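Visitor: I have a structure here and would like to know what lies behind the labels people attach to it. Could you walk me through it?

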Amino acid sequence: MSEPVEEIEIQLLLDALYRHYHYDFRHYARASIKRRLLQAQKQLGFDSISALQSAVLHDETMLPNLLNYLTVQVSEMFRDPSYFRALREKVIPHLRTYPSLKVWVAGCSHGEELYSLAILFREEGLAEKTIFYATDINPAALKAAKAGVYSLDRVRLFTENYQQSGGQCSLSEYYTADYGRAVFDQSLRARTVFSDHSLVTDAAFGEMHLISCRNVLIYFDRELQDRVVGLFAESLARRGFLGIGSKESLRFSAQADRFSEFVREERIYRRKSR
Amino acid sequence: MTQGLVAIGASAGGVQALSHILPDLPADYPLPVVVVVHIPPRKDNALVALFDRKCRMRVKEAEDKEPLTSGTVYFAPPDYHLLVEAEGALALSTEEPVNHSRPAIDVLFESAADAYGAALTGIVLTGANNDGAAGLQAICAAGGTAIVQNPDEAEVAAMPVAAADACRGALVMTLDEIAAHLAKTVTQ
């Protein structure tokens, strides 16, 4: 049986995006990228993936629209509170011993994880000596992350998560409510560098003490996961920490032996020192 | 890649319905069984522990990029979609809920239909919404076997009714018949 036409169209579109715009989704997990492409095709009003491809190649104003479908931007502050509790109780004591700290939020999306970490580091008295790097491939997401504005109906969940994570204050101390939106305190991101960076095509960052990259690896195929985990190993200082999503694992990764488990159930790893 | 796959979706009343079907399958069942049950987004997956006690097959929570193996029942983790990749491995996603659900049955079924085509059996059990209907249609369209729990017997009929409406080729079976149908695979 010949390959279904839709599969051919998807491959051609991904090739076209890479060759024309240098956005490389070719090694994203295929089942999920297909869902999102079909969703984009339907909602942007095209009859086929080929028609969508033609539009995005000839009209670069289409690109941001498509990127919003191809990059998954669903997150929440303090998602999986026990992860942030483990950072607070088990990782922070090690980080305290350094004179200065670098933390990388890889695939920061709209900034939920960044602000969660910024709040945690402030409460633990580490904010002043920490530089955060927040990176994403989607310019619209980076812009939203800089703004730090979330709809108030989501903040109720954020607040619950924050409390369960061992938060020391009230989350409302970090934002002002404004017409149904929560605007997070801009001083939280005063020491954050926002940057357009692709885990797929760009090089390592230097000497990080903590990399938090949650629910990003699941969107990659195994080959790309291996590349990215290798990139993390190269970007971490010796004995630096890596936190991934609670249902992600280095178990199937060819790079797994560069890390040791630090808090197994929270998927917090530590780079081996050699 | 395994020679076939059984994908099951269930919502309200699903635990009881699954308890009719899964425990009798033998430990060396020749296919993997992948299950989405609508559950609240908590971290612990009580379903795995519950069915691990009841079943002869190995029962576990699905992990990202895990290759499917026969004789194993995989449950979708709470708050993640579960998908099947073309090479016969599982994948997770935190994309938006579909039909107000994450995990969603449609997401599992549609991806599994792409990966397994005619070698897929999809089963929609009791539930109160219409998740699984579009997915079962995709399974039929790909030449797979579509099965719907007899709505008369289902604790909540809405979901099997919606699936049977969407997928005219679906076989309507009682839980006993579904269990017998799955057991037949062993002797084939």
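Visitor: Which residue follows α2(A), and what is its phi?

Guide: Happy to start there. In this predicted model, α2(A) is followed by A:Gly45, and the phi of A:Gly45 is positive, near 85 degrees. Helix α6(A) is likewise followed by a glycine, A:Gly125, with a positive phi near 75 degrees.

Visitor: What span does α2(A) have, and what would be expected at 1.5 Å a residue?

Guide: α2(A) has 14 residues and reaches 20 Å from first C-alpha to last. The expected value at 1.5 Å a residue is 20 Å, and the span of α2(A) is close to that. For α6(A), residues 112-123, the 12 residues reach 17 Å, close to the expected 16 Å.

Visitor: Why is α2(A) called largely enclosed by the rest of the structure?

Guide: The label rests on a count of buried residues: 10 of the 14 residues of α2(A) are buried, so the helix is largely enclosed. A residue earns the word buried when 20 or more other C-beta atoms lie within 10 Å of its own. Among those that pass in α2(A) are A:Arg30, A:Lys34, A:Arg35 and A:Arg36, as well as A:Ala31, A:Ile33 and A:Leu37.

Visitor: What do the buried residues of α2(A) pack against?

Guide: Elements of both chains. In chain A they pack against α1 (5-21), α3 (49-58) and α4 (62-70). In chain B their partners are β5 (81-84), β6 (90-93) and α3 (105-116).

Visitor: How many residues does each chain bring to the contact between chains A and B?

Guide: Chain A brings 17 residues and chain B brings 19. On the chain A side, α2 (30-43) and α9 (222-235) each supply at least two residues. α2(A) gives the most to that side, with 3 residues. By class, the side of chain A that touches chain B has 6 nonpolar, 6 polar and 5 charged residues.

Visitor: What makes α2(A) oblique to α4(A)?

Guide: The two helices pack at an angle of about 140 degrees, with their axes 9 Å apart. Roughly antiparallel would need an angle over 145 degrees, and roughly perpendicular covers 65 to 115. An angle of about 140 degrees falls in neither class, so α2(A) is oblique to α4(A). The crossing of α2(A) past α4(A) is right-handed.

Visitor: Which residues meet where α2(A) packs on α4(A)?

Guide: From α2(A) come A:Ile33, A:Arg36, A:Gln39 and A:Ala40, and they meet A:Leu66, A:Tyr69 and A:Leu70 in α4(A). By class, that contact has 5 nonpolar, 1 polar and 1 charged residues.

Visitor: Why is α1(A) called roughly parallel to α3(A)?

Guide: Their packing angle is about 10 degrees, with the axes 9 Å apart. Angles under 35 degrees count as roughly parallel, so α1(A) and α3(A) get that label. The residues in this contact include A:Glu6, A:Ile10, A:Leu13 and A:His20 of α1(A), and A:Ile49, A:Leu52 and A:Leu57 of α3(A). The contact divides into 7 nonpolar, 3 polar and 2 charged residues.

Visitor: How do you know that A:Val56 is buried?

Guide: A:Val56 sits in helix α3 of chain A. The cut-off is 20 or more other C-beta atoms within 10 Å, and A:Val56 has 23, so A:Val56 counts as buried. Setting aside neighbours within four places in sequence, A:Val56 is in contact with A:Met62, A:Leu63 and A:Leu66.

Visitor: Where does A:Asn215 lie, and is A:Asn215 buried or exposed?

Guide: A:Asn215 lies in the loop between β7 (208-213) and α9 of chain A. With 24 other C-beta atoms within 10 Å, A:Asn215 is buried. A:Asn215 also has a positive phi, about 55 degrees, although it is not a glycine.

Visitor: What phi does A:Arg267 have?

Guide: A:Arg267 has a positive phi of about 60 degrees, and A:Arg267 is not a glycine. A:Arg267 lies in the loop between β9 (259-263) and β10 (268-271) of chain A. With 21 C-beta neighbours inside 10 Å, A:Arg267 counts as buried.

Visitor: What is the omega of the cis peptide bond in chain B?

Guide: Omega is about 10 degrees for the cis bond that joins B:Arg102 and B:Pro103. B:Pro103 is found in the loop between β6 and α3 of chain B.

Notes: Residues are numbered from 1 along each chain as its sequence is written. Chains are lettered from A and ligands numbered from 1 in the order in which they are written. This is a predicted model: local features need pLDDT of at least 70, side-chain atom pairs count only at pLDDT 80 or more; totals for chains, interfaces and linings use all residues. Helices (H or I, at least four residues) and strands (E, at least two) are DSSP runs, numbered from the N terminus. The expected span of a helix is 1.5 Å times one less than its number of residues. Two residues are in contact if their C-beta atoms, placed from the backbone, lie within 7 Å. Ala, Val, Leu, Ile, Met, Phe, Trp, Tyr, Cys and Pro count as nonpolar, Asp, Glu, Lys and Arg as charged, and the others, Gly among them, as polar. A residue is buried if 20 or more other C-beta atoms lie within 10 Å of its own, exposed if 12 or fewer, and partly exposed in between; C-beta atoms are placed from the backbone. Axes are lines fitted to C-alpha atoms, for helices over the stretch in contact, and angles run from 0 to 180 degrees between N-to-C directions. A crossing is left-handed if the near helix is turned anticlockwise from the far one by less than a right angle, and right-handed if clockwise.
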